[in-house]
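These are my notebook entries on a single structure. I looked up strand order, helix packing and burial, and I recorded each result as I found it.

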Amino acid sequence: MKMRNATVFKLEARPSIHDALGRLDELANDLFYSWDHGVRSLFARIDLRLWQKVAHNPKLFLRRVAQDQLDAAAEDRAFLAEYRRILSSYDAYLEAEPGPEVTSLLDPEATLVAYFCAEFGFHESFPIYSGGLGILAGDHCKAASDLGLPFVAVGLLYQQGYFIQTIDAKGQQIARYQSHFSDELPISLVEQDGAPLTVSVPFPGRTVHAMVWEARVGHIRLYLLDTHVEENSAEDRELTLQLYGGDETTRISQEMLLGIGGVRTLAALGLKPSVWHINEGHAAFLILERCRRSMAEGMDFEAALELNAGSTLFTTHTPVPAGHDIFSRELVHHNLGTYLSESGLDFEAVFQLGSKTSGDSFNMTSLGLRGSRFHNGVSRIHGGVASEMEGEIWPQVPPWDNPLGYITNGVHVPTFLAPEWSSLFDIQAPTWKSELRNPAFWEFVDKIPDYHYWSVHKALKQQMGDYIVRCLRRQHRRNGTGHSVTERMSRQLVSPEKDTMVIGFARRFATYKRATLIFSDLDRLERLLTDPDRPVVLVFAGKAHPKDKPGQQLIRVIHDLAMQPALMGHVILLEDYDQAMARRLLSGVDVWLNTPEYPKEASGTSGEKAALNGALNLSVLDGWWGEGYNGKNGWAINPRSTELDAEFRNREESRDLLDLIEYEVIPLYYNRASQGYSKGWVQRSKASMKSITPLFNSQRMVMDYVERFYHPATVQGDKLAANGYRLATELAKWKRRVRQDWPGVTLSVHQCVTAQCLHNEEIPLSVEVHLNGLQPDDVRVECLVTPECTGSHDCPGPDRFLLSHEEADKGAQPGTTIYSARILPPYPGLQSLRIRVYPYHQGLTHPLEMGAMIWL
């Protein structure tokens, strides 16, 4: 009998945790579990099926595990021994002090780095991330904890996070959202004076309130703002409902909450950061709030901007236009109007910080760059691309010389290295965890016996195969796909004796990532994949944004190809790519494929994670691979010039890809001889692991940030704030004067440069500068000397020589100042000399930050 319209009440019978296991709850509430295999294994040992059912969420696990299972664990000597060992390791981790490489640059008692980001990807059990930006932010926080940095992070708590993906029988992506309750997540409500801490942000016609949650991440803390509070309207409660959901109004509102509310949160907690790191433009409104707070102490806007920009770092993560938030003037004026009027900030002055010369719009990346004095892209290639893209911030400075640098992304090794490799390293090189930034140490990989090395990879590959089969069965069962199809699709993966080569491609399905490039010559690809003696399986996974129709079309194309009888079992598409699936694929595939459209891959880190686990990268030389490839540790596709037709580029690069697969990758993999594996493959895999692991990990990355940005920003911030903000005030006045007079500054020859000289002969240089009211010390005149390096990529950067001004101005035209120098040519043979003038003040963070420059 059916019960129509019956109300269903859910009841959860929670167990009592035995005193002997009392600290399981502590472990479940510290994201340390997201990178410690030992902690996660404790929960899995109690009840593996439940552990998988709750998506590896330890907090939810402890709510739903059966009482008898917990009681049995509390009486199991082996389990208790492992429990005590894990607790000992956890306590030792928390008690560890930062090393001298950190304390020599950042004083843990006096400095604090505040890191703002719209998403954080720690673990699949904490779904407040969508993809690469969030995973990178999570890895950054984990490495900061490992290194013991004085560090705090700020973000938003999304009730539904990003969407859950299913792919139906027609290959259509279905986006489904699931709410996550706070008591299921590794967070706790922040309280002050016995009440929840809340912060408020002025919005048009109302005030939006947010409560603050805290997540423990080893040594550091992450604070998350949540608008799902009673004081807010129903609409405002949904501001923190979904990540990257809603329309432009939702997006700008979220970003106001993150930037403005985030600064107010740290102030309410009594935290006083010395460095502010804006990780992508979503959090750039923090610049306005910091200026507001400085203006409340009596500073004018320009001085407040100088003061706060000097201690701020902005990181940009993508050259793809869709990755940069751009809002209309009307939307910015409407949303920020109330806040600005209450703050005393002028709308036009604020709008100019985010304006683009190409239109009447407000770009959050421009705001981030103009409101900071330290800036970086996330790989060497991306740094150059970003310098070109954002060149109008420094309009007269050539892109190669402007202040936007780079730090190449790295990945958190303990998170993504499979436990089997970790155990092997413990045996072969017990101190490896403390040598993650020492390339010479990693030569030990060559000493691992080949058969032992290959056996680890093969075991992980078998685990991956079993996992893929489970995923396919679940996916096909829901879609009503026949059992025979599932069996045919998984036949290559369930036969260990075949040891079929597996190529993985898993990332966001955006068109520039060219997921279907490998299918450009389908007949040839089919022949390569289905060779009975040397078969190949392609495994695809990834999500397309719900509004990205071209990205969703890529999913449909691959789904249709996977269902073709000729390719069935050789092309596999998995749904709902998350960190759990990533760990399986990254540790199990033989080859990791990446085919972005150059130069749109800012960095990309999935290939780094695959390399940690012995997989070989087959990738376009873009992003991090442009630095990581050394000719022996994988394969590279040279991108064609961006000036060529896109269709031609795709065709040529796809041919290169298939040539590499047919003539190098497949032959090397299947050249097994009598030992049952390819010694050449193992050799190349070892070369990949030992060359990539110590250079592309997040500890190296974060220490680069400490040395190149966090420490200098601390020093600069202190200088600008000293003596009642004297330098910040002086610098603002000086910049105002320079901007007024600079359009009238001119540069001309006073004495011609000699065309020839002997190798050891100094040559005189002198130029006349019409300063238009500026003082001689307000500018620098510089000669750049470069050798002739036609067609060479190894041409050294220019040698720089400063010219000094002559007190008497002898021989100068009226109203001009002579600057001169004698220089010894630094190179043999033909070389080029270029002379330029630019404004200079000793208080500048970067000598070219004003973006003003005149060339002779």
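**Entry 1: a helix pair**

In which hand does α21 pass α26? I found the crossing to be left-handed. I note at the outset that the model is predicted.

I then looked up the geometry of this pair. Helix α21 covers residues 522–529 and helix α26 covers residues 646–669; their axes come within 11 Å and cross at roughly 20°. Angles under 35 degrees count as roughly parallel, and α21 is therefore roughly parallel to α26.

I listed the residues that make the contact. From α21 these are R524, L525, R527 and L528, and from α26 they are R655, L658, D659, I661, E662, Y663 and I666. Sorted by class, the contact of α21 with α26 holds 6 nonpolar and 5 charged residues, with no polar ones.

**Entry 2: the parallel sheet**

I traced the strand order next. The open sheet has 6 strands in the order β20-β19-β18-β21-β22-β23, and their pairing is parallel. Which strands stand at the edges? I found β20 and β23 (634–637) there; each has a single partner strand, so one side of each lacks a neighbour in the sheet. From one strand to the next, the twist averages 20°.

I also checked what packs on this sheet. Helix α27 (residues 679–692) does so, touching β18, β21, β22 and β23, and its direction makes about 75° with that of β22.

I followed the bridges strand by strand. β19 and β20 run parallel and are joined by 4 bridges; L538 has V571 of β20 as its bridge partner. Strand β19 (residues 536–541) pairs with β18 over 6 bridges, again in the parallel sense. Within that pairing, I found V539 of β19 opposite G504. Strand β21 (residues 591–594) and strand β22 (residues 616–620) run parallel with 4 bridges between them, and V591 has L616 of β22 as its bridge partner.

**Entry 3: burial in two of these strands**

I asked how many residues of strand β18 (residues 501–506) are buried. The result was 6 of its 6 residues, and the strand is mostly covered. In a regular strand, side chains alternate between the two faces of the sheet, so I examined each side in turn. M501, I503 and F505 lie on one side of β18, V502, G504 and A506 lie on the other, and all are buried; both faces of the strand are thus covered.

I repeated the check for strand β20 (residues 571–574). V571 and L573 point one way, I572 and L574 point the other way, and all of them are buried.

**Entry 4: the antiparallel sheet**

I turned to an open sheet of 3 strands with the order β13-β15-β14, in which the pairing is antiparallel. Its edge strands are β13 (326–328) and β14 (355–356), each of which pairs on one side only. β13 runs antiparallel to strand β15 (residues 359–363), and 3 bridges join the two. For F327, I found the bridge partner in β15 to be F362.

**Entry 5: α13, α14 and the loop between them**

At what angle do α13 and α14 pack? I recorded about 130°, with the axes 11 Å apart. The two helices are therefore oblique to each other, and their crossing is right-handed. In the contact, R329, V332, H333 and L340 of α13 meet F347, E348, V350 and F351 of α14. Its residues divide into 5 nonpolar, 1 polar and 2 charged.

I then looked at D346, which is found in the loop between α13 (329–343) and α14 (347–354). Its relative accessibility is 47%, so I entered D346 as partly exposed. I also looked up a separation: the C-alpha atoms of D346 and F301 are 8.7 Å apart, while the two residues are 45 residues apart along the chain.

**Entry 6: helix α16**

Which residues of helix α16 (residues 380–389) are buried? I listed I381, H382, G383, V385, A386 and S387. I then looked up what covers the buried residues of α16, and found that the cover includes β16 (374–377), β17 (404–406) and α25 (625–628).

Technical notes:
Residues are numbered from 1 along each chain as its sequence is written. This is a predicted model: local features need pLDDT of at least 70, side-chain atom pairs count only at pLDDT 80 or more; totals for chains, interfaces and linings use all residues. Side-chain values use heavy atoms; hydrogens and water are left out. Axes are lines fitted to C-alpha atoms, for helices over the stretch in contact, and angles run from 0 to 180 degrees between N-to-C directions. Angles under 35 degrees count as roughly parallel, over 145 as roughly antiparallel, 65 to 115 as roughly perpendicular and the rest as oblique. A crossing is left-handed if the near helix is turned anticlockwise from the far one by less than a right angle, and right-handed if clockwise. Contact means heavy atoms within 4.5 Å. Ala, Val, Leu, Ile, Met, Phe, Trp, Tyr, Cys and Pro count as nonpolar, Asp, Glu, Lys and Arg as charged, and the others, Gly among them, as polar. Buried means under 20% relative accessible area, exposed over 50%, partly exposed in between (1.4 Å probe, protein chains only). Two strands pair if DSSP finds at least two bridges between them.
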